[in-house]
Amino acid sequence: MAGIYIHVPFCKTRCIYCDFYTRTDISPKDDYIEAVCKELLLRRDYLSEDIVSTIYFGGGTPSQLSYADLKRIFDVIYSTYPISENVEITMEANPDDLSIEYLESLQKLPFNRLSIGIQSFDDGELKFLKRRHTSQKAIDAVTMCQSLGYNNISIDLMYGLPNQTMDIWQRNLNQAISLNVSHISSYHLIYEQGTRLYRLFKIGQVRPIDEDLSVDMFSLMIDKLHEAGFEHYEISNFAKNGSYSQHNSSYWLGKRYLGVGPAAHSFDGNDRAWNIASTPKYIQSINKGSLALEIEYLDLNARYNDFILTGMRTKWGVDLIELEKLYGNRMKDYCLRNVERYVKEGFVKLDNQALTLTKNGIFISDGIMSDLMWVD
Ligand code: SF4
């Protein structure tokens, strides 16, 4: 089983914290669509004829594409790749784009999962983040999607914002829970270099929140979402009734995926590759029939590190039998030696030949994972 990821590099406006490859000038959109279709054909052998079980339109803002744009891409995917009958097909969408007309047009396409970038239900926070929507627009967008029959909806939330209080965060969580969605992804705000937020931080106009408050917010989220019936299946992801993101789970479980579009990343089971992060250069190169990508050849140690990093983030953990099969006895012993003290101290559980983080371990997960990694 494998996945296809399509990177849509267009956004109407730029959010203050965003460091994804995206642009606000949408003028090369038609050329971009044609280039994506060509790349899908050029790289038809990348997944070695594995059945495609997930397709994910991410970005950027995929909801900036029209029905005709998306249909063109789907036509090429379906005529080129073997697609599973139970394929999960996700579209990331901005609440502001989700009008009834647009959603009705999407219903003619095979999307069966929507991931809506809400981030906050507090209008002050949304304004600060430079999001395009209001809290009410986000609520209306989710209820509209539900009324049209979309029942696999994920929403994104963000916490740890400057000036965010526990009260605001609690209200955001309550509102998210009351929407009755099946999946919530929630990330702490990061001050990424090169973003406007980072510049404001550097000149002292915003101050990161206190670390203890961040931990309290994370803890509140885990407890509240657990009470509301969500399973905490990955450090930043929560699902109801097993509605895990199949696509992201494939990343975490080390399956192959083909990333198409500028800046998209791919993994063929052994090596990672990423396309050039420039829409004009991407289009130019594809039009000449060549791929503008870089490849990172992963040696055994790097693959072991990926296996640990991705496995420990999930509720499935690191399977020691699989670890030994893939990386040998030496790596398994190394992992067991380094994890021993965390198991004794109750931060990691060793059960049925699998290592998983305990609730306390989640709070120090970065330290645990870095101690389990192989250092040359
Ligand atoms: S909509 Fe998403 S991809 Fe676009 S600028 Fe905002 S955070 Fe970045």
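**Group meeting talk: a ligand shell, two domains and a run of strands**

Hi everyone, let's start at the ligand. Around it sit Cys-11, Arg-14, Cys-15, Cys-18, Phe-20, Thr-22, Gly-59, Gly-60, Thr-61, Asn-94 and Gly-117. Before you get attached to any of those side chains, please remember that this is a predicted model. What is the make-up of that shell by class? It has six polar residues, four nonpolar ones and one charged one. If you are colouring by type at home, note that cysteine is counted as nonpolar here and glycine as polar.

Now let me step back to the whole chain. The protein has 14 helices and 15 strands. Its radius of gyration is 21 Å, close to the 21 Å that the globule rule gives for 376 residues, so the protein is as compact as a globular protein of that length. If you want a feel for the dimensions, the C-alpha atoms fill a box of roughly 55 × 50 × 45 Å along the principal axes. As for burial, 36% of the 376 residues count as buried. And for those of you who like contact maps: take the contacts between residues at least 6 apart in sequence, and 71% of them join residues at least 24 apart.

Next, the domains. The domain assignment gives domain 1 as residues 2-251 and domain 2 as residues 300-372. Their C-alpha centres lie 29 Å apart. How many residues of each domain are in contact with the other? On the domain 1 side there are five, and they meet seven residues of domain 2. The domain 1 side of that contact consists of four nonpolar residues and one charged residue, with no polar ones.

Let me finish with some strands, and you can follow along on the structure. Strand β10 covers residues 265-267 and strand β11 covers residues 272-275; the two run antiparallel and are joined by three bridges. One pair to click on is Phe-267, which stands opposite Arg-272 in β11. Together β10 and β11 make a hairpin, with four residues between them. Do look at the turn, where Gly-269 has a positive phi of about 100°.

Then which strand does β11 also pair with? That is β12, residues 293-296, again in the antiparallel sense, this time over four bridges. Here the pair to find is Trp-274 with its bridge partner Glu-294 in β12. While you are looking at these strands, a general reminder: in a regular strand, side chains alternate between the two faces of the sheet.

Thanks for listening, and I'm happy to go back to any of the views.

Key: Residues numbered from 1 in each chain as written. Predicted model: local features only at pLDDT ≥ 70, side-chain atom pairs only at ≥ 80, totals over all residues. Domains from an automatic or database assignment. Contact = placed C-beta atoms within 7 Å. Near = placed C-beta within 6 Å. Rg over C-alpha atoms; globule rule 2.2 N^0.38 Å. Buried ≥ 20, exposed ≤ 12 C-beta atoms within 10 Å, placed from the backbone. Pairing = 2+ DSSP bridges.
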